[in-house]
Amino acid sequence: MLKNKKIRVLVVDDSLVYRETIARGLALDPGIEVVATASDAYDARDKIIAFEPDVMTLDVEMPRMNGIEFLKRLMPQYPIPVVMVSALDEKVFEALDAGAVDFANKSDLGNRGGAGGLINELTVKVKIASTAKVSHWKKGAPSGQREKSVSQANKKLIAIGASTGGTEATAQIVQAFPRDFPGTVIVQHMPPGFTRMYAERLNRICLMEVKEAEDRDRLYTGRILVAPGDRHMRLKACGDGYQVECFQGDRVNGHCPSVDVLFESVAKSAGSRALGVILTGMGGDGAKGLYSMREKGARTIGQNEETCVVYGMPKVAYEMGAVEKQVALPNIAHTIASWLNG
């Protein structure tokens, strides 16, 4: 996007109230221009062709064709950065599978500053989405081959941090982990409620046990713990193993949970026994923590620019010297296994 060029947005929602509220709210930002609104997928298709928006906000539940089905048909032909607008519903992960960059939670608006809370969240996510790469969704575009399940590794510890685009990136990596892989802790920037559903989704598709972390949960071989959406998560040594501490706190780098909070604790508690991975996302959360891990002897991986939806967090970490090796997403699981076995 050219400097000073406004982000052109198409707002798609079957509800007139939501459609107008979102359009008016986004238009208040001087960096955004709402070029059109649409009431359903067919209307949206015509508006995309007519207005060529940079980003689209899309409701999940719509008449005639829901947002997920629309995405599945749209992205192979006309890939465009999409931010879903959804209630607390697992369907949002289907939308991310189908090509959406991110989502904003429109449930419980009364507890999140009313419509203003949704608008603020959407404004930030639309700006992030405008920088996202989605061309790989186009039919016929080259894509990396997924690694097969990786081999058994030594008993160590893996820490993963991700933001925009990270739900699918993390899923691709941990799906390749065998049942007896080292204990793994994950911070994915995501609202409360959705982290529980995300952990449950991973638990269904992974060989390892996956759960949303609770305070004092033990970390052990074959288990993955996902930080809850409104709590920081720290790793603590406990006897001959580890447990996690989940606690409320101020946002760090604009986030709770924060990748930096987790990585700093891993550096302190696990040192050279840990392996850190920083994935796609806007900003720099996790870079300093990953640097601390590397200083303590941990191996560190950063997702490479070509396979990131948003090359922000891994870029900051790499430029800081926190990343030992940049790796394409399809090869990260294999690299982890090689290092653990090395």
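**Exercise 1. In this predicted model, is R64 buried or exposed, and what is unusual about its backbone?**

Step 1. Start with the accessible area: R64 has a relative accessibility of 63%. The cut-off for exposed is over 50%, so R64 counts as exposed.

Step 2. Place R64 in the chain. R64 sits in the loop between strand 3 (55-59) and helix 3 (67-74).

Step 3. Look at the backbone. The phi of R64 is positive, about 70 degrees, although R64 is not a glycine. Most residues other than glycine have a negative phi.

**Exercise 2. Which features stand out in the loop between strand 12 and helix 8?**

Step 1. Take N253, which is found in this loop. N253 is not a glycine, yet its phi is positive, about 55 degrees.

Step 2. Check its accessibility. N253 has a relative accessible area of 44% and is therefore partly exposed, since that class lies between 20% and 50%.

Step 3. Move along to P257, which has its place between strand 12 (241-247) and helix 8 (259-270). The peptide bond from C256 to P257 is cis, with omega near 10 degrees. Most peptide bonds are trans.

**Exercise 3. Which strands pair with strand 6, and where do its residues point?**

Step 1. Begin with burial. Strand 6 (residues 157-162) is mostly covered, with six of its six residues buried.

Step 2. Sort the residues by direction. L157, A159 and G161 point one way, while I158, I160 and A162 point the other way. In a regular strand the side chains alternate between the two faces of the sheet.

Step 3. Find the partners. Strand 6 runs parallel to strand 7 (residues 183-188), joined by six bridges, and pairs in the parallel sense with strand 13 over five bridges.

Step 4. Use A159 as a landmark. Its bridge partner in strand 7 is V185, and its partner in strand 13 is G276. Nearby in your list of pairs, L157 stands opposite A274 in strand 13.

Step 5. Trace the connection to strand 7. The chain leaves strand 6, passes through helix 6 and enters strand 7, a right-handed β-α-β crossover.

**Exercise 4. What surrounds strand 13, and how does the chain continue to strand 14?**

Step 1. Check the cover on strand 13 (residues 274-278): five of its five residues are buried. A274, G276 and I278 point one way, and L275 and V277 the other.

Step 2. Add the next partner. Strand 13 runs parallel to strand 14 (residues 299-303), with four bridges between the two. The bridge partner of G276 in strand 14 is T300.

Step 3. Follow the chain. Strand 13, helix 9 (residues 287-295) and strand 14 make up a right-handed β-α-β unit.

Step 4. Look for a cavity. The structure holds one cavity of 30 Å³ or more, and the largest has a volume of about 30 Å³. Its lining consists of K156, S272, A274, L275, R299 and L340. By class, that lining has three nonpolar, one polar and two charged residues.

**Exercise 5. Which strands stand at the edges of the sheet with the order 9-12-11?**

Step 1. Read the arrangement: three strands form an open sheet in the order 9-12-11, with antiparallel pairing.

Step 2. Identify the edges. Strand 9 (218-219) and strand 11 (232-238) each have a single partner strand, so one side of each is left without a neighbour in the sheet.

Step 3. Check one pairing. Strand 9 and strand 12 are joined in the antiparallel sense over two bridges, and L219 stands opposite Y242 in strand 12.

**Exercise 6. What lines the largest pocket?**

Step 1. Take the overall values. The largest pocket has a volume of about 890 Å³ and is lined by 36 residues.

Step 2. Go to the centre: E121, K125, M190, P191 and R251 lie nearest to it.

Step 3. Ask which elements contribute. Strand 5 (102-105), helix 5 (114-129) and helix 6 (166-175) each give two or more residues to the lining. Helix 5 supplies the largest share, six residues.

Step 4. Sort the lining by class: twelve residues are nonpolar, 16 polar and eight charged.

Technical notes
Residues numbered from 1 in each chain as written. Predicted model: local features only at pLDDT ≥ 70, side-chain atom pairs only at ≥ 80, totals over all residues. Heavy atoms only, no water. 1 Å grid on protein atoms, 1.4 Å probe; cavity = no way out; pocket = protein on both sides within 12 Å on 5 of 7 lines; lining within 4 Å. Points joined across faces, edges and corners; volume = space filled by probe spheres on them. Nonpolar A, V, L, I, M, F, W, Y, C, P; charged D, E, K, R; others polar. Buried < 20%, exposed > 50% of the residue type's maximum accessible area, 1.4 Å probe, protein only. Pairing = 2+ DSSP bridges. Right-handed = clockwise from strand over helix to strand, strands pointing away.
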